[in-house]
Amino acid sequence: MAEGWGGRGRGLDPEARAVLQAWADGDGPLAVRAQVVLLAADGIRDAEIARRLGVSRQTAGTWRHRWQSAGLPGLEQRPRTGRPATVDEAEVVFRALLAPGGSGAGRAIARELGLSHATVADIRRRWRLTSDDGPGPVVPTVPPLPGADIWVMGLYADGRRAVLLAGTRPVAAAPAPAAAVIGDDVLADLGRALDAVRPADGPVRSGADSRTGYLDYLAAAAGRHPDIALHAITLWDSDPGDSGGAPVSRHLPPAKSSWRSFLRAMIALDSTSHPESTRRVYLDLISALEAHTAGPVRWLRETVAGHLRSPRPGADAPPPHPSSSGVNQIDLGSFNECVVIESVRLSGTITRGEIAHRTGLTQQSVSRIARSLLDRGILEEDAQRRATSGKPRTPVRLCGTAAHALGLHIDPEVLTAVVIDLDGAIVCTCTRPMSADIDPSEFVAQVVALGRDALEKARGAVREDGFLGIGVAVPGPVDIASGTVLGPPLMSAWNDLPLLYLLKDHFPCPVIIEKDSLAAAAGERWIGRDRRARDFAYLYLGTGVGSGLYLNGDLYRGVSANAGEFGQLCAIALGRVDSDGRPEQLPECNPPVSVPDFAARRGLPAAGGGYGSTAAYRAVGRAAAAGDPAATAALREVAGAIGRGALGLVDLLDIDLIVLGGPFFTDDVAGFYLDEIGRVVNDYPTARRLRRVEVERSVLSAEAAAVGAASTIFHATFTPRLRGRDRA
């Protein structure tokens, strides 16, 4: 180094000056840093320091600031620009899957994690998160997971180890992932549940450590998921060893990923790729972890959709899955177009001036929109009306043949398919008897065959460009996000059946799945026109009683799209609970079983196929219509219990219309239900002095759920909304 440095730094304390002088007289990076500080202490500006030492002004300023903020220790380490010393790749992947969006999202992730944009882009390329990077995604475990179709299949955790069970299937290519449907709240709950098994700080909870139990778990997984290649990825602690003969390969997480972020990334990757992998799947995992005490966690997910698809040798591959996020064959250009269509639909026929008056749109806007809808065949003109002054007015109405939809209703006893037009007129109906214990794959085949039969039967009446899609009504509860039927009553063989995913393989059009009572409410609103242009509750009398709510101009589905579970409301209203405190499953809320049973207790002989059958229910209905006291009393008892639940809806929602319908609301029994429910909801409400509750028959036919399912397609297409359709 140059002579004379010993005289520099007169403003420094002697001890610091001695250290800096020693560094400056030496060699290496510390010499430059010390020289910067010594020159700065002499009052020399950064630009002059940079010129003398041959460094940049930024370098001179950086080391001067480091000295001022941290002293000698600040000079010994090169400052980092807020970037972590290590990069957790799985955390980057997790955030990228939560917020896909190209380079803009990449830069946001880089800012959040303190990484460079190039580092984030490199990780995304290595995991192949976009279609531009080639077939993917790819999970770089050790060794890498084969195949690009990746599922989270299970989790095993005991006192010493945790193993994530992943599944893969080879695919030609994977689309760019959509936003993950697993929210931060679920992931936070999952993290807390895992902490209970393996605390972040402290010893691992003791628990049974049975290699035999682990091997039994792998064998059970292979038996449940025979069509997916399974891979055991050790998350923490001791290697569980070989798979004991089970067809499961062994892997370690990526070297640059923590086990927590890797688990989060795998869950997000699964949920973005597969409609079955929704909140429900991982809430089940959280429940399994929370139930863990001393024994191991052995969570396995239900059978995934692909296992039920077994193409015959030589058969064509199924068509690509169409999007179910919207129904866009008829392209509506604006919210105002939907407002005009809704006004016309509610009125039946209406003039342009009346549309402007009802909607608040200008005459010019209504005329322009009506002209466009007439040109596209959605509206048609009716006969002219004479005016007291000026030229005659020409009203418009919906053109029924402009659009059609197929509705499918799935019931434990019968499958129903209907094709309806835009006016709600039934073009054709097909039915097929069902058995509740039918194999799921055979069941799906029957649903597909019935739907195709109905479409073929209606072919002459349906315009090719006017078929909007298929609505499917199923008994609840149902996971709408994935279209999975969870636990339908009397249909235990179909538990956790990914019905929507399977139907999309067979129908190259939009498919919407809806709970049967909600579908019936949608159909009531669509076909009821102005008679149902207000808030109402639809009570659906099927195999169980459900309710569909139409509030504030739209179906009310709730957070999980399972609003309207009516039976528990009736039990609470009647104060009937099981021994464990849960609301009782009321027999009164299963009319085809309870009505014949109650009638038999009062002495009515069994008829029409025995107690608990549809035939027996209809026989009791005929007897009641003929005046039989036992049949009449049985129906009034059931109607009274249902009325108590309806009373709860009236008081909670402050509505003044209850609509009754469904396959067991027949002509013979309708009067009993209408009278008894009408009496309860008008005699007992808190605000009975302020309103009169009307209890009316449904405008729908006996195929209420099927017609309603088809009308959900129209509802999704034409109902004006200021926000997207909520599908939890």
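1. Let's start with residues 201-208, where the pLDDT stays under 50. This is a predicted model, and for that stretch it has 21 contacts beyond four places in sequence. A second stretch to read with care is residues 306-329, where the pLDDT is again below 50; beyond near neighbours in sequence, residues 306-329 have 35 contacts in the model.

2. For the chain as a whole, the average pLDDT is 80, and 82% of the residues score at least 70.

3. Next, a pair of helices. Helix α5 (residues 89-98) and helix α10 (residues 259-273) have axes that come within 8 Å and cross at roughly 30°. Angles under 35 degrees count as roughly parallel, so α5 and α10 are roughly parallel to each other. Their crossing is left-handed.

4. Which residues meet where α5 and α10 touch? From α5 come Ala-90, Glu-91, Val-93, Phe-94 and Leu-97; from α10 come Ser-261, Phe-262, Arg-264, Ala-265, Ala-268, Leu-269 and Thr-272. The residues of this contact divide into eight nonpolar, two polar and two charged.

5. Now for a sheet. Three strands form an open sheet with antiparallel pairing, in the order β6-β8-β7. The edge strands, β6 (349-350) and β7 (379-381), each pair on one side only.

6. Looking closer at one pairing, β6 and β8 (residues 396-398) are joined in the antiparallel sense over two bridges. Here Thr-349 stands opposite Arg-397 in β8. Helix α12 (residues 335-347) packs on the sheet and touches β6, β7 and β8; the direction of α12 makes about 90° with that of β8.

Notes
Residues numbered from 1 in each chain as written. Predicted model: local features only at pLDDT ≥ 70, side-chain atom pairs only at ≥ 80, totals over all residues. Heavy atoms only, no water. Pairing = 2+ DSSP bridges. Helix = DSSP H or I, 4+ residues; strand = E, 2+ residues; numbered from the N terminus. Contact = heavy atoms within 4.5 Å. Axes fitted to C-alpha atoms, helices over the stretch in contact; angles between N-to-C directions. pLDDT = per-residue confidence, 0-100. Parallel < 35°, antiparallel > 145°, perpendicular 65-115°, else oblique. Left-handed = near helix turned anticlockwise from the far one by under 90°. Nonpolar A, V, L, I, M, F, W, Y, C, P; charged D, E, K, R; others polar.
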